[in-house]
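Trainee: Could you take me through one helix pairing in this model and what surrounds it? I'd like a close look at that single part.

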Amino acid sequence: MTATGLTTNIHDTALIFEGGGMRASYTSAVVSLLLREGLHFDWVGGISAGASNTANYLSRDVERSDESFTGFTQDPNFGNLRTWARGEGFFNSSYIYEEAGLPGRALPYDWEAYRANPAEFAIGAFEMSTGRMQYWGREDVHELGDLLTRVRASSTLPVIMPPVRIGDRVYVDGALGPTGGFALDAARAAGYEKFFVVMTRGREYVKPQQRVNPVLQRLFRRYPAVLNGIRHRPYRYNESRRELFELEREGSAYLFLPEHLSVSNTERDLRKLRRSHELGAQQARRELPAWRAFLGV
């Protein structure tokens with residue numbers, strides 16, 4: 001099918017991708033299988049690494065989905081302690097999310113397929129001054145750079161990556177927002193009551209309390225909303241998971257929960273990342289019949 005003939009076939013369910021940094025090596029395999037199986041949702045939302053999964057899903061590019069959290073990490077410009085010391089981030093985010101996605105670069109983004117895809121979406125980031133959650137959709141994206149910059153903003157881990165300015169606002173990772181990193185609020189605002197949620201922590205996980213240490217207090221002394229977001233994120237995250245499990249019990253949500261997650265959010269070892277991706281693919285294939293039953297396709 002050419003980009004000009006793209007359609008959707010799942011109309012009553014919102015697709016939501018959780019973040020989690022390099023743990024998305026596992027869940028990007030879900031993106032790839034959804035695309036290979038022709039499961040095309042009308043609406044998709046994501047925060048942090050979930051924004052990358054969202055963007056790849058919108059472009060329907062299986063190869064890019066497979067590589068984004070595996071082979072691409074070996075790019076010499078991906079980032080390291082030297083780029084972090086230069087203020088470019090341990091993950092060189094301007095390169096990863098913006099430069100590499102341009103035509104002819106290391107991980108080109110299929111802009112024409114994105115434009116031809118009728119699906120609506122939401123990508124969320126945390127506004128540093130106010131603590132407001134900002135969601136962007138098609139109405140905010142007029143050219144490729146608009147999309148890539150917003151994916152970068154959504155994915156910008158405080159300290160590890162430099163904040164991102166869009167217009168007169170500065171943003172960091174959307175996981176600091178009121179849902180703890182799930183675009184469930186955006187899906188509901190779009191009118192959805194049924195959800196397919198791709199998560200990056202196992203069923204038994206509970207996020208521990210996080211202390212805002214003196215280093216963070218100094219770094220973000222001008223941005224108390226960021227400190228508040230860091231301080232309250234465990235509670236917000238755990239509450240969102242509790243709500244999702246309740247929706248699952250009610251039959252309103254399907255939760256993909258990793259069974260064999262073995263990498264951290266900052267993992268760089270290619271062997272481990274590829275193994276993580278393969279484990280995600282194996283689980284996704286096992287669950288595919290249950291996906292189809294839940295989605296009615």
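Mentor: Happy to! Helices α1 and α2 run roughly parallel to each other, because angles under 35 degrees count as such and their axes cross at roughly 20°. Keep in mind that this is a predicted model. α1 covers residues 24-36 and α2 residues 49-59, and their axes come within 10 Å. The crossing of α1 past α2 is right-handed.

Now look at who meets whom. On the α1 side you'll find Ala24, Thr27, Ser28, Val31, Leu34 and Leu35, and facing them from α2 are Ala49, Asn53, Asn56 and Tyr57. By type, the residues of this contact are six nonpolar and four polar, with no charged ones.

Tyr57 deserves a closer look. Setting aside neighbours within four places in sequence, Tyr57 touches Val31, Leu34 and Leu35, and also Leu15, Phe17, Leu39, His40, Phe41, Val44 and Asn117. Tyr57 also belongs to the largest nonpolar core, which has 58 residues. Along with Leu15, Leu34, Phe196 and Trp291, Tyr57 is among those with the most contacts inside that core. A separate core of 23 residues lies apart from it, with Tyr192, Met199, Leu247 and Leu255 among its members. In soluble globular proteins, nonpolar side chains tend to be buried together.

For contrast, turn to Gly5, in the segment before β1 (10-17). Gly5 counts as partly exposed because its relative accessibility is 29%. The C-alpha atom of Gly5 is 9.9 Å from that of Pro118, although 113 residues separate the two along the chain.

Methods
Residues numbered from 1 in each chain as written. Predicted model: local features only at pLDDT ≥ 70, side-chain atom pairs only at ≥ 80, totals over all residues. Heavy atoms only, no water. Core = buried A, V, L, I, M, F, W, Y, C linked by side-chain atoms within 4.5 Å. Buried < 20%, exposed > 50% of the residue type's maximum accessible area, 1.4 Å probe, protein only. Contact = heavy atoms within 4.5 Å. Helix = DSSP H or I, 4+ residues; strand = E, 2+ residues; numbered from the N terminus. Axes fitted to C-alpha atoms, helices over the stretch in contact; angles between N-to-C directions. Parallel < 35°, antiparallel > 145°, perpendicular 65-115°, else oblique. Left-handed = near helix turned anticlockwise from the far one by under 90°. Nonpolar A, V, L, I, M, F, W, Y, C, P; charged D, E, K, R; others polar.
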